[in-house]
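This tour is meant to be followed with the structure open in a viewer. Each stop names a selection and then describes what is found there.

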Amino acid sequence: MEARLNLFTNELGLKFGKRFAGTAALIQQSSLPKATQELAALRASQINGCAFCIDMHTKDAAAAGETAVRLHLVAAWREATVFTEAERAALALTEEGTRLADAHEGVSDETWAQVQAHYDEEQIAALVCLIGLINAANRMNIIVRNPAGSYEPGTFEAMVH
């Protein structure tokens, strides 16, 4: 399977991709825990059905030391015992922020309060930006049908350097 359009060989797509990777790097450099970043990106990608991003974030998380058990249970995090209360709050925010069309209220006050109980303002800003960014990435990858399976951990970090 090939992508409909390779955004990394297209001049505009490549320029955009470098800026996109730079924005992702800014979030990665925040004080929001790396594990939380990967779990949130993985969960949004699962909800959106973006195979390319599921492949990428699963592999990047595993390369950073995330356990297979936690990665396998992200889709069913509410019933899993392997996530911290802070991670659960981030996953709830990710779900509510990703499923905007499914919930007329958007993010609930209860979820927002849980996020505030576990993260400082910088971390919350990073989480909100991450949710917006991963949802954009999911949509672009799905539109062009970017295939999954061949991603190598750390590939996009090289784009910023």
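Begin by selecting R43: beyond its neighbours within four places in sequence, R43 is in contact (heavy atoms within 4.5 Å) with V74, A75, W77, L91, T94, E95 and R99. R43 is found in helix 2, where helices (H or I, at least four residues) are DSSP runs, numbered from the N terminus. Is R43 buried or exposed? R43 counts as buried because its relative accessibility is 7%; buried means under 20% relative accessible area, exposed over 50%, and partly exposed in between, with a 1.4 Å probe and protein chains only.

The model is predicted: local features need pLDDT of at least 70 and side-chain atom pairs count only at pLDDT 80 or more, whereas totals for chains, interfaces and linings use all residues. Residues are numbered from 1 along each chain as its sequence is written, and side-chain values use heavy atoms, with hydrogens and water left out.

**Helix 2**

Extend the selection to helix 2 (34–48). Helix 2 has 15 residues, and the distance from its first C-alpha to its last is 21 Å, close to the expected 21 Å; the expected span is 1.5 Å times one less than the number of residues. Its buried residues are T36, Q37, E38, L39, A40, A41, L42, R43, A44 and S45. To see what covers these buried residues, display helix 1, helix 3, helix 4 (68–73), helix 5 and helix 7, which are included in the cover. After helix 2 comes G49, with a positive phi near 70°.

**The nonpolar cores**

Next, select C53, V115, Y119, L127 and I134. Of the 25 residues in the largest nonpolar core, these five touch the most other members. A nonpolar core is a set of buried Ala, Val, Leu, Ile, Met, Phe, Trp, Tyr and Cys residues joined through side-chain atoms within 4.5 Å. At least two residues of this core come from each of helix 1 (11–28), helix 2, helix 3 (51–63), helix 5 (85–98) and helix 7. Which helix supplies the largest share of this core? Helix 7 does, with 8 residues.

Centre the view on I134. Leaving aside neighbours within four places in sequence, I134 is in contact with A41, A44, S45, C53 and H57. Another core, of 10 residues, lies apart from the largest one; L71, F83, L91 and A92 are among its members.

**Helix 7 and its partners**

Display helix 7 (121–144) together with helix 1. The axes of helix 1 and helix 7 come within 10 Å and cross at roughly 150°. Axes are lines fitted to C-alpha atoms, for helices over the stretch in contact, and angles run from 0 to 180 degrees between N-to-C directions. Helix 1 is therefore roughly antiparallel to helix 7; angles under 35 degrees count as roughly parallel, over 145 as roughly antiparallel, 65 to 115 as roughly perpendicular and the rest as oblique. The crossing of these two helices is left-handed, a term used if the near helix is turned anticlockwise from the far one by less than a right angle, with right-handed used if clockwise. On the helix 1 side, select F16, F20, T23, A24 and I27, which meet A126, C129, L130, L133, A136, A137 and M140 in helix 7.

Replace helix 1 with helix 3. Helix 3 and helix 7 pack at about 130°, with their axes 8 Å apart. These two helices are therefore oblique to each other. Their contact is made by F52, C53 and H57 of helix 3 and I134, A137, N138 and N141 of helix 7.

Now turn to helix 5, in which 13 of 14 residues are buried. Its axis comes within 10 Å of that of helix 7, and the two cross at roughly 50°, so helix 5 is oblique to helix 7. This crossing is right-handed. Select A90, L93, T94, G97 and T98 of helix 5 with L127, I131, N135 and R139 of helix 7 to display the contact.

**Two last stops**

Select W112, in helix 6 (residues 109–118). W112 is partly exposed because its relative accessible area is 32%. Outside its neighbours within four places in sequence, W112 is in contact with L93, V107, I124 and V128. The C-alpha atoms of W112 and A92 are 9.0 Å apart, although 20 residues separate them along the chain.

Finish at R145, in the segment after helix 7. R145 is not a glycine, yet its phi is positive, about 55°. Most residues other than glycine have a negative phi. R145 counts as partly exposed, at 47% relative accessibility.
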